[in-house]
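Q: Before looking at the protein and its DNA, could you walk me through how the contacts between them should be read?

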Protein chains: 2
Amino acid sequence: MAATGAGSERDGERAKARILDSAEELFYARGVQAVGMDAVRSAAGVSLKRLYQLFPAKERLVEEFLRRRDHAWRDALVRYADARPTPRARLLAVFDWLYQWFAEPDFRGCVFINCFGELGGTSQPVAKAARDHKEAVRAYLGELTTATGVAAPQQLASQLALLAEGAITTAALSGSADSAREGRVAAEVLLNAAGVREQGAAHCND
Amino acid sequence: MAATGAGSERDGERAKARILDSAEELFYARGVQAVGMDAVRSAAGVSLKRLYQLFPAKERLVEEFLRRRDHAWRDALVRYADARPTPRARLLAVFDWLYQWFAEPDFRGCVFINCFGELGGTSQPVAKAARDHKEAVRAYLGELTTATGVAAPQQLASQLALLAEGAITTAALSGSADSAREGRVAAEVLLNAAGVREQGAAHCND
DNA sequence: AGCGGAAGAGAACGAGCGTTCTCCGATCTG
DNA sequence: CAGATCGGAGAACGCTCGTTCTCTTCCGCT
């Protein structure tokens, strides 16, 4: 029983991952309400019984899928941006990373915004998950702007967050990745105006 | 029969308006799929038969509601912004108008983004309606930036559109209208950098 | 007054959903 | 090898939805 228990646990983790993978793909492509639990079941290749053992209700599945997506999304962003040498380069790299994301063939906007629009008015957990995600992204931008040594880093971070947010929804609706380029150009203007120089800290901060 | 016909037509127009009013309120607050035709029916105070006479299917109701909302939304924006004396003031007034909108008690983001997230992956008409709306807004911003006489008005308009777009979704998710203020400050920086002066056309355009 | 036709109220229908239950084969224990 | 326990496949249940149908009422006309 101990051996089978451990095996089941491992299998459970792998099944959970497969289920979340399928849920992510389906919910993102078609919306949450348009995808039945049966579609998730058959895409993940598990039985309905097992699906409900691992996720007792659809809302739980949605919550866990959003939480996992949040971590994966921000991890990928941070990994990409933190590879750049300076805070300024890291901030601009955010828009390069967005560009790559927008160019993916199945890109359909931010899943948190999509889910918020669909369920935010009804489901408190979904609304909170979306809010938490956006706040975490903004906090990361705040870290980067603070590292530039600029005078008002939080205000600058908010403005850059607006550009990134706008680029995401614009790319989703237009079907073009251009908004990431436009956002990057605008971000450079804002960074220059705030006194963030190309290399290191501010030179002419008087 | 002619008299009753005219009366019915007038009644039909008024019933249609009432139905679209109710649909707008309900779809915006709860999402499209979460609101049944019966809820629209009872909110509008018409019979199901009449509802289906005027809108043969739910998708038609959604399309007409989005089209009407697009016109009303842009009309209100243009009326507000065009009251300002200069192109620069008109561009900045966009963010003032957004601030007022965000502060409305039942504000829940852009209905086109919400509907796109919910139905854009499934319904082509909804996706097109959302795209058309955003393009029309961007075109209006393009008119305003062109009127400033700046060198690259379309690029500036795109950047301002990103700010406005980002402000909308940020306000929806955070529940705060602050993003409109942040967007306005960023817009001023972009306008200054593009050479849009406080009064009239460019002074130092050589 | 009597009749025809339109309109309202809501029952009805078929489909699809989330969730549970039943059956059945496989696997492990003594 | 016998019996029990577990998990898979999918039928079943209760509900809701979009849409249609039925029945009744009411209005205008001759």
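Q: How far from a phosphate oxygen of DNA strand C does a backbone N or O atom of A:Met37 lie?

A: The general idea is to look for pairs of N or O atoms within 3.5 Å. In this predicted model, a backbone N or O atom of A:Met37 lies 2.6 Å from a phosphate oxygen of DNA strand C, and a polar side-chain atom of A:Lys58 lies 2.3 Å from a phosphate oxygen of that strand. A base oxygen of DNA strand C, in turn, is 3.1 Å from an N or O atom in the side chain of B:Lys49.

Q: Which elements give two or more residues to the surface near DNA strand C?

A: Those elements are helix 3 (48-54) of chain A and helix 3 (48-54) of chain B, and helix 3 of chain B contributes the largest share, four residues. In total, 14 residues surround DNA strand C, and the closest are A:Gly36, A:Met37, A:Tyr52, A:Lys58 and B:Arg50.

Q: How is the class make-up of the surface near DNA strand C to be read, and what part of the strand faces the protein?

A: Here one counts residues by class on the protein side, and on the DNA side one asks which atoms lie within 4 Å of the protein. By class, the surface near DNA strand C has six nonpolar, four polar and four charged residues. Of the atoms of DNA strand C within 4 Å of the protein, 58% belong to sugar or phosphate, while the rest belong to bases.

Q: Which side-chain contacts reach a phosphate oxygen of DNA strand D?

A: The reading follows the approach used for the other strand. For DNA strand D, an N or O atom in the side chain of B:Lys58 is 2.3 Å from a phosphate oxygen, a polar side-chain atom of B:Tyr52 lies 2.9 Å from a phosphate oxygen, and an N or O atom in the side chain of A:Ser47 is 3.4 Å from a phosphate oxygen. The elements that give two or more residues to the surface near DNA strand D are helix 3 of chain A together with helix 3 of chain B. That surface divides into six nonpolar, two polar and four charged residues, and of the atoms of DNA strand D within 4 Å of the protein, 52% belong to sugar or phosphate and the rest to bases.

Q: What does UniProt list for residues 36-55 of chain A?

A: A record and a computed value are best kept apart when they are read together. An unreviewed UniProt entry lists residues 36-55 of chain A as "DNA-binding region"; in the model, the chain over residues 36-55 of chain A is 75% helix and 0% strand, with the end C-alpha atoms 14 Å apart.

Notes: Residues numbered from 1 in each chain as written. Chains lettered and ligands numbered in written order. Predicted model: local features only at pLDDT ≥ 70, side-chain atom pairs only at ≥ 80, totals over all residues. Heavy atoms only, no water. Near = heavy atom within 4 Å. Polar contact = N/O pair within 3.5 Å; in protein donor to acceptor, adjacent residues only side chain to side chain. Nonpolar A, V, L, I, M, F, W, Y, C, P; charged D, E, K, R; others polar. UniProt positions renumbered as here; feature names shortened; annotations may be inferred.
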